[in-house]
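This report introduces a single protein chain to a reader who has not met it before. Please keep the sequence and the three-dimensional view at hand while reading.

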Amino acid sequence: MTLWRVLFCALLYPLVFTLLAVRLAFTEPFVEFLYRHVELPPDPMPYELRLEIAKLGLRSVLFDEGMREFKSSGLFNPREIKHMEDVKNLLSFFFTVLYISLPLWLFTLLSLKSRKLIGKSLFFGSVMLELFALLVVVLSFVNYEWLFVSFHNLFFDPYSWRFFDQDMLLRVYPMDFWYKATIYTAVGLLGFNLLLQALGFYLWQAKSLFNKRQINRNSVGS
């Protein structure tokens, strides 16, 4: 039974922390951060207005009130509105999974009680997440357009999310926005994951490391 709980925690770890990173990415401070680093294509709209519209799009996929504001703004055509509704539904599903799986993962992890077993769960879960995040980073550097298209075709109707350059969604969310959002999120996730990986390794091997230090001290003393 204990082995299954360790395996469950390790397997749930990548899902929980990937979704948590995505949730943190869908915040206004992150959008503001991205806008300071994104190469925006030339547009008659001033920077501040584009940023405010980008924040409006963010609110639309997170809150019902935001979606109503998005629809009533008059800035978006029906296809853009339909796509953002699809995004909102997808995020609602993902975040519901997060809100259920995070406390479940934490409860199961703490129920192990053994420092060594908790360390094993953290370490092996972090290794799987590390491989996934590195894969995303590598694919982004090699061919981000393929990754972007593949993701959208997987979760949306292939003809529902393609827009013209003059459409507002592309004017406020150019490809460089999504590219850097992916890179920064993946790199941030890797950094946080390394901390948990180190913690997991320490908890797992703490007794062995302590014993080795004791043996070394005894050897020196003799």
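The sections below proceed from the overall fold to one helix, and then to aromatic and charged side chains.

## Overall architecture

The model described here is predicted. Its chain contains 8 helices and 0 strands, so that the order of elements from the N terminus reads α-α-α-α-α-α-α-α. With a radius of gyration of 22 Å, the chain is more spread out than a compact globule, because the globule rule gives 17 Å for 222 residues and the value found is well over that. Along the principal axes, the C-alpha atoms occupy a box of roughly 80 × 35 × 30 Å.

Buried residues make up 42% of the 222 residues in the chain. Considering contacts between residues at least 6 apart in sequence, 76% connect residues at least 24 apart.

## Helix 4 and its surroundings

Helix 4 spans residues 64-72. Gly66, Met67 and Phe70 are its buried residues. They line one face of the helix, because their directions fall within an arc of 100 degrees when seen down the axis of helix 4. The cover over these buried residues includes helix 3, helix 5 and helix 7 (168-172).

The face turned away from the buried side of helix 4 carries the exposed residues Glu65, Arg68 and Ser72. Just after helix 4, Gly74 adopts a positive phi of about 75 degrees.

## The loop between helix 5 and helix 6

Helix 5 (78-111) and helix 6 (115-155) are separated by a loop in which Lys113 is placed. Although Lys113 is not a glycine, its phi is positive, at about 65 degrees. Is Lys113 buried or exposed? Its relative accessibility is 75%, and Lys113 therefore counts as exposed.

## Aromatic side chains

A pair of aromatic rings is described by the distance of the centres and the angle of the planes. Across the whole structure, a search finds 24 aromatic pairs. One of the pairs is formed by Phe70 and Phe76, which are stacked with 3.9 Å from centre to centre and 20 degrees between the planes. Phe70 and Phe76 are both buried. Another aromatic pair, Phe94 with Phe155, is edge-to-face, at 5.6 Å centre to centre and 85 degrees between the planes. This pair links distant parts of the chain, since Phe94 belongs to helix 5 and Phe155 to helix 6, 61 residues apart. Phe155 counts as partly exposed because its relative accessibility is 35%.

Which residues form one aromatic cluster? Tyr35, Tyr47, Tyr173, Phe177 and Trp178 do so. A charged side chain also meets a ring elsewhere: Arg23 lies over the face of Phe95, at 5.2 Å from the ring centre.

## Salt bridges

Side chains of opposite charge can pair when their charged atoms come close. How many salt bridges does the structure hold? The structure holds 9 salt bridges. One of them joins the side chains of Lys55 and Glu32, at 2.5 Å from N to O. Lys55 lies in helix 3 (residues 47-62) and Glu32 in helix 2 (residues 28-35), so this pair links distant parts of the chain, 23 residues apart. Lys55 is buried, with a relative accessible area of 8%, while Glu32 is partly exposed, with a relative accessible area of 26%.

Asp64 and Lys88 form another salt bridge, in which the closest N and O atoms are 2.7 Å apart. Because Asp64 lies in helix 4 and Lys88 in helix 5, the pair ties together parts that are 24 residues apart in sequence. Asp64 is partly exposed, with a relative accessible area of 48%, whereas Lys88 counts as buried, at 16% relative accessibility.

Asp86 and Lys82 also form a salt bridge, with 2.9 Å between the closest N and O atoms. Asp86 and Lys82 are 4 residues apart in helix 5 and are therefore separated by about one helical turn. Asp86 is buried, with a relative accessible area of 18%, and Lys82 counts as partly exposed, at 43% relative accessibility. In addition, Glu28, Arg59 and Glu69 are joined into one network by salt bridges that share partners.

Definitions and conventions: Residues numbered from 1 in each chain as written. Predicted model: local features only at pLDDT ≥ 70, side-chain atom pairs only at ≥ 80, totals over all residues. Heavy atoms only, no water. Helix = DSSP H or I, 4+ residues; strand = E, 2+ residues; numbered from the N terminus. Buried < 20%, exposed > 50% of the residue type's maximum accessible area, 1.4 Å probe, protein only. Phe/Tyr/Trp six-rings, centres within 6.5 Å; stacked < 30°, edge-to-face > 60°. Lys NZ or Arg CZ within 6 Å of the ring centre and 35° of its normal. Salt bridge = Lys/Arg side-chain N within 4 Å of Asp/Glu carboxyl O. Arc of directions from axis to C-beta. Contact = heavy atoms within 4.5 Å. Rg over C-alpha atoms; globule rule 2.2 N^0.38 Å.
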